[in-house]
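User: Hi! Could you walk me through this structure?

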Amino acid sequence: MSRSPSLPDRPRLDLDQDMSDEERLEALREHFVEITDVHEQLSSQLETADERREELKAEVDHTERENEALKTSSLYIATVEEVADEEQEAVVKQHGNNQEVLTDVSRRMADELQAGDRVAVNDSFSVQTILSGETDARAQAMEVDASPDVVYDDIGGIEEQIREVREAVEEPLVNPAQFDTVGIDPPSGVLLYGPPGTGKTMLAKAVANETDATFIKMAGSELVRKFIGEGSRLVRDLFELAEEREPAIIFIDEIDAIAAKRTESKTSGDAEVQRTMMQLLSEMDGFEARGNVRIIAATNRFDMLDRAILRPGRFDRLIEVPEPDVEGRKRIFEIHTQNMNVADDVDFETLAEQTQGYSGAEIESMTTEAGMFAIRDERTEVRTADFEEAIEKLENEDSGTPVPSAGYTAYHY
Ligand SMILES: Nc1ncnc2c1ncn2[C@@H]1O[C@H](COP(=O)(O)OP(=O)(O)OP(=O)(O)O)[C@@H](O)[C@H]1O
């Protein structure tokens with residue numbers, strides 16, 4: 001905000017009894033000149049303030065008109081495809097009918113708009129407003145990470161699964177020619193299944209990191225819960241975004257939420273989920289042309305999946321990510337205590353033996369809990385007793401031993 005200029009000092013007239021008439025006259029003249037000067041300064045400040053007031057009034061009028069227009073007319077949602085800054089033009093594509101239009105935009109709008117923005121347009125396709133993050137379902141429903149920082153070494157106990165994922169996802173991205181030479185198609189999609197917290201998301205992020213691909217995650221459950229009516233459009237957007245950002249890894253978490261077996265009930269919610277799944281299937285069927293985009297999905301509920309998504313050309317490589325065995329748990333303890341100040345006597349092998357049935361995520365939260373016990377005790381070193389207390393606490397919270405999530409069924413192929 002601009003600060004108002006300070007007012008000039010008020011001129012003082014100093015007359016005293018002892019002055020001669022000439023001196024008084026001189027003082028009065030000088031005072032007159034000073035007053036005239038101050039008057040001029042004030043007039044000029046007043047003029048500037050008047051101009052500023054006019055400008056602000058014009059801005060208020062404009063905003064009020066915009067506001068009225070927004071309130072009274074229906075607006076349509078569109079995505080900006082291209083912006084020509086110089087020409088003050090933008091190509092926008094209206095959602096629903098996919099109509100593409102070249103439209104004029106103001107200088108300010110041209111500066112602010114970026115390809116990919118969602119905007120509200122009026123009947124004549126004039127861009128009224130850029131939709132913020134809150135209103136942009138696409139931004140909300142998808143987590144985009146240009147360079148995730150997980151590496152394979154951060155994942156413990158699932159070396160075989162890492163090898164399989166590398167073969168099915170990494171190889172086609174970094175060395176597509178070998179598939180051509182041998183004359184086979186790489187797997188279309190990889191489905192990771194297994195109990196929660198075993199490293200499925202980490203695995204997908206690590207492949208993206210290793211192949212310098214953008215990681216784009218969409219959670220199936222959110223599509224169904226939060227974006228009712230937008231599911232199939234968001235799935236289409238997901239694949240479009242992946243193509244824009246290729247090489248890219250699409251990761252659909254909790255795919256069971258959109259690809260569950262059909263049930264008897266025919267509620268409108270089911271129809272919507274069904275449409276979302278059909279969109280996913282049709283995107284995957286047109287997948288070959290997509291080149292540098294690989295798709296990974298994950299589920300804790302393999303038993304619930306509609307078999308249609310497992311057909312060749314869709315999720316045709318199934319990889320089970322089980323709970324870690326004792327060796328795996330030891331490794332996960334080591335990974336998550338790397339940056340902790342752990343006492344020399346802490347034996348991860350024993351801890352691994354004591355934590356049968358724990359997932360990687362549970363082991364991670366246990367190490368944090370052990371650190372908290374040390375802090376509560378005003379120590380800087382984490383001891384065996386802290387880990388044991390943490391195990392006890394988690395077991396009490398889980399009312400006994402931790403169990404794999406209810407309903408999880410392992411299917412072996
Ligand atoms: N195998 C593992 N090695 C190391 N850390 C792990 C492992 N599995 C899980 N973790 C820890 O647990 C956190 C959650 O794991 P992640 O999100 O990958 O599990 P997930 O299998 O995708 O779970 P969900 O099915 O609940 O989405 C990770 O950020 C990591 O800190």
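Analyst: Happy to; we can go through the core, the charges, the surface and the backbone.

Analyst: This is a predicted model, where local features need pLDDT of at least 70 and side-chain atom pairs count only at pLDDT 80 or more, while totals for chains, interfaces and linings use all residues. Residues are numbered from 1 along each chain as its sequence is written, and side-chain values use heavy atoms, with hydrogens and water left out.

User: Cool. Which residues touch the most other members of the largest nonpolar core?

Analyst: They are Ile252, Ile255, Ile309 and Phe315, in a core of 32 residues. A nonpolar core here is a set of buried Ala, Val, Leu, Ile, Met, Phe, Trp, Tyr and Cys residues joined through side-chain atoms within 4.5 Å. Buried means under 20% relative accessible area, exposed means over 50%, and partly exposed is in between (1.4 Å probe, protein chains only).

User: And which elements give two or more residues to this core?

Analyst: Strands 7 (189–193), 8 (214–219), 9 (248–253) and 10 (293–299) do, along with helix 8 (231–244) and helix 9 (268–285). Helix 8 gives the most, with six residues. Helices (H or I, at least four residues) and strands (E, at least two) are DSSP runs numbered from the N terminus.

User: Why would those side chains gather inside?

Analyst: In soluble globular proteins, nonpolar side chains tend to be buried together.

User: Switching to charges: how many salt bridges are found in the whole structure?

Analyst: The search finds 22. A salt bridge is a side-chain nitrogen of Lys or Arg within 4 Å of a carboxyl oxygen of Asp or Glu.

User: Can you show me one with a helix in it?

Analyst: Sure: Glu167 and Arg163 pair up with N to O at 3.1 Å. Both lie in helix 4, four residues apart, or about one turn of the helix. Glu167 is partly exposed at 37% relative accessible area, and Arg163 is partly exposed at 43%. These two also belong to a salt-bridge network with Glu160 and Arg317.

User: What about Glu369, is it buried or exposed?

Analyst: Glu369 is buried, because its relative accessible area is 16%. Glu369 forms a salt bridge with Lys393, their closest N and O atoms being 3.1 Å apart. That pair links distant parts of the chain, with Glu369 in helix 12 (residues 360–376) and Lys393 in helix 13 (residues 384–397), 24 residues apart. Glu369 also meets Arg376 in a salt bridge at 3.9 Å, N to O. Arg376 is exposed at 53%, whereas Lys393 is partly exposed at 30%.

User: Now the backbone. Where is the cis peptide bond with omega near 0°?

Analyst: The cis bond runs from Glu246 to Pro247. Pro247 sits in the loop between helix 8 and strand 9.

User: Anything else odd in the loops?

Analyst: Asp212 is not a glycine, yet its phi is positive, near 55°. Asp212 lies in the loop between helix 6 (200–210) and strand 8, and is exposed, with a relative accessible area of 65%. Glu254 isn't a glycine either, and its phi is positive too, about 50°. Glu254 is in the loop between strand 9 and helix 9 and is partly exposed, at 31%.

User: Thanks, that's a handy tour!
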